[in-house]
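The following exercises are to be worked with the sequence and the coordinates at hand. Each task is followed by a solution in steps.

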Amino acid sequence: MEGNPFEETATLRSDIGALLAEMTLFSGLDAGLLREIAAVAEWLALPGGAKLFSAGDPPEALYMVLSGCLGAFSADPIRRRFIARIAAGEIVGEMGLISGRPRSADVVALRDTELARISASAFNQVLRGHPEAMLRIARLTVDRLAQSQSQSPLAAAHNRGACTFTVLPQSMEVDFGGFASRLVKGLAELGRAELVWSVRAKTHTSQWFNNIEAANDYVVYIADPTPNRWTKLCVRQADALLLLARAESPAGSWAALRWPHDHSMAPQRSELVLLHDSTLETGAAARWLAEVPDLPHHHVQFPEDYSRLARVLTGRGIGLVLSGGGARGFAHIGVVKALREAGVPVDLVGGTSMGAILGAGVALRWSIDELTDRFRRAFVDSRPLRDYTLPFVSLVSGRKVSTRLYEAFGDLAIEDLPLDFFCVSSNLTTGQTMVHRRGTLWRWLRASVAVPGVLPPVLHRGEVLVDGGAMNNLPVDAMRELGRGPVIGCDVGADRAFAARSDEIDVPLPWQLLRWRKTRRQCPTIFQILWRAGMVNSAASSIAHRAQSDLILKPPLAEIDMLNWDAFDRAIRAGYEYTVRRLEEIPADSPLTSLVRNG
């Protein structure tokens, strides 16, 4: 980058000491030490998109972020990975000063940022003589290193604690003013929120923007559809860009994003938002995602969608993960009913096997009555596992299951669901779990419920897909990876599946079958054996995933056989009564507490 990106501001140096005292890192330190730090600190301004330092640079200084924010990125030019967000009140560059090693990452201003710079010589002169300050910096370094090593790239991309958003309309046809106003109301339910548009802020300085953001928890900027100076400023100020489009319009690009890209610029976190009229425009998501592939997307149709969008964007979204478990999965209906009555919002849904099918209904915002009626007809009245076939691949042909799924969901794609949804299958070809976030809904649900030996597998592009419960019966990890907020896990497969009441090794001889049939209920059937065998391998992962849940629900279902479809009402009641009691026991420090109490 040509030239020096730093500019000394007109703010008095004495103000640095007051700002440092408000930083968590330095709070409570001796006032004399703070004055010494302020005396050697330089106050600098870094424009949004400018690079603070590059990987491999010598560790010449430590920086404290006074306003704005920085982003740390891996140095790999081909697979540039976001590592961490350094917000106001945090420091960066301390690792190099302590170790003496070159910089390990590129650090770029995500927005216009003001910093206090302490040179290596000043650091050695002032801080090395104060063990308490050095210990705090060392602990911060260790915590940051551990976080960067443990967090997945996808989770890191969404765990930036977005506080400022820029609404970037695709065209003038989009009601971006109305959208932004309603989004601010949704954000106001979570904290102080303010709307900023060009008429109000076009002539203000960066300090004015800093003051607006300091006075609020969330700020929403409205950019213009064209790549003008105001839009560029909005993009620089944003933690996240919201690419706004009308769902029913022909897909197109965003003119405001057509600037020549500077490799020193930090890639903005962007998310697609599709505005629908009274009905959900099916096929719209795939059409628009072809223009902006790999972006997360959101459907906005009803007034309550703005509150949901606000929660998801700020890391406060509630994810619900439903396990497999055959007929025990009907308990999920009772769980959902109890959550809704308690006012706990479900913003994202994922599941395995029966939990996947039920989760799809939740993602479609079916009412409890509709969930109950549809599942009673599909499983209790229809008995889809009775289309027996010659057992070359499976005991049943699977046609009835496929037909029921298609009748329920048609050609709907996963990306068209009003709520973010995924389901899980097990890939026997690769030996890995597959998480389906896009594609034909009924087909991937069919794969997720294909119990090995009971239902035939789904063959896709040379790979063999079976029930997700074979490898991951409680995919909390797939929900956690999104980094959208707390996760509720509901495990209906945790209880003991069945037991034998007789000691036998072999199947009786033909002339003994009549007597054996009279006692068949004391012996597990081939359906029970295959169903349970398909879940056993994921038992260890389910235990680990329960621990990853902010709230784990395990309704008592030991008395309900996994193939007892007639226990439909009993399973729903068990799930409901258990969840009502469980919600009353949520500890005060749970991320879900305020949502349950305020519901």
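Contact means heavy atoms within 4.5 Å. Axes are lines fitted to C-alpha atoms, for helices over the stretch in contact, and angles run from 0 to 180 degrees between N-to-C directions. Helices (H or I, at least four residues) and strands (E, at least two) are DSSP runs, numbered from the N terminus. The model is predicted: local features need pLDDT of at least 70, side-chain atom pairs count only at pLDDT 80 or more, and totals for chains, interfaces and linings use all residues. Residues are numbered from 1 along each chain as its sequence is written, and side-chain values use heavy atoms, with hydrogens and water left out.

**Exercise 1. The parallel sheet**

Determine the strand order of the six-stranded open sheet, and state which helices lie on it.

Step 1. Two strands pair if DSSP finds at least two bridges between them. On this criterion the order is S11-S12-S10-S13-S14-S15, with parallel pairing.

Step 2. Strand S11 (193-196) and strand S15 (297-300) are the edges, each pairing on one side only. Between neighbouring strands of this sheet the average turn is 25°, direction ignored.

Step 3. S11 and strand S12 (residues 218-222) run parallel and are joined by four bridges; Ala 193 has Tyr 218 in S12 as its bridge partner.

Step 4. Helix H7 (residues 176-188) packs on the sheet and touches strand S10 (164-169), S11, S12, strand S13 (240-246), strand S14 (269-275) and S15. The direction of H7 makes about 180° with that of S12. Helix H10 (residues 229-237) lies across S10, S11, S12 and S13 and runs at about 155° to S12.

**Exercise 2. The antiparallel sheet**

Establish the strand order of the four-stranded open sheet and locate the bridge partner of Gly 71.

Step 1. Strands of a sheet pair through backbone hydrogen bonds, either parallel or antiparallel. Here the order is S3-S8-S5-S6 and the pairing is antiparallel.

Step 2. The edges are strand S3 (51-53) and strand S6 (82-87), each with pairing on one side only. Neighbouring strands are turned by 30° against each other on average, direction ignored.

Step 3. Four bridges link strand S5 (residues 69-73) with strand S8 (residues 106-109) in the antiparallel sense. Gly 71 is bridged to Val 108 of S8.

**Exercise 3. A helix pair**

Characterise the packing of helix H16 (residues 399-409) against helix H17 (residues 441-448).

Step 1. The two helices pack at an angle of about 145°, with their axes 9 Å apart.

Step 2. The contact involves Val 401, Ser 402, Leu 405, Tyr 406 and Phe 409 of H16, and Leu 441, Trp 442, Leu 445 and Arg 446 of H17.

Step 3. Classify the residues: Ala, Val, Leu, Ile, Met, Phe, Trp, Tyr, Cys and Pro count as nonpolar, Asp, Glu, Lys and Arg as charged, and the others, Gly among them, as polar. The contact of H16 with H17 then divides into seven nonpolar, one polar and one charged.

**Exercise 4. Burial of H14 and its flanks**

Why is helix H14 (residues 354-363) described as largely enclosed by the rest of the structure?

Step 1. Buried means under 20% relative accessible area, exposed over 50%, and partly exposed in between (1.4 Å probe, protein chains only).

Step 2. H14 is largely enclosed because 10 of its 10 residues are buried; among them are Met 354, Ile 357, Leu 358 and Val 362.

Step 3. Ser 353, in the loop between strand S17 (348-352) and H14, has a positive phi of about 55° although it is not a glycine. Ser 353 is buried, at 2% relative accessible area. Just after H14, Arg 365 takes a positive phi of about 65°.

**Exercise 5. An aromatic pair**

Which geometry does the pair of Phe 375 and Phe 379 adopt?

Step 1. Rings of Phe, Tyr and Trp (its six-membered ring) pair if their centres lie within 6.5 Å; planes under 30 degrees apart count as stacked, over 60 as edge-to-face and the rest as tilted.

Step 2. The structure holds 10 aromatic pairs. In this one, the centres are 5.8 Å apart and the planes make 10°, so the pair is stacked.

Step 3. Both residues lie in helix H15 (residues 368-381), four residues apart, about one turn of the helix. Phe 375 is buried at 3% relative accessible area, and Phe 379 is buried at 13%.

Step 4. Phe 330, Phe 375, Phe 379, Trp 565 and Phe 568 form one aromatic cluster.
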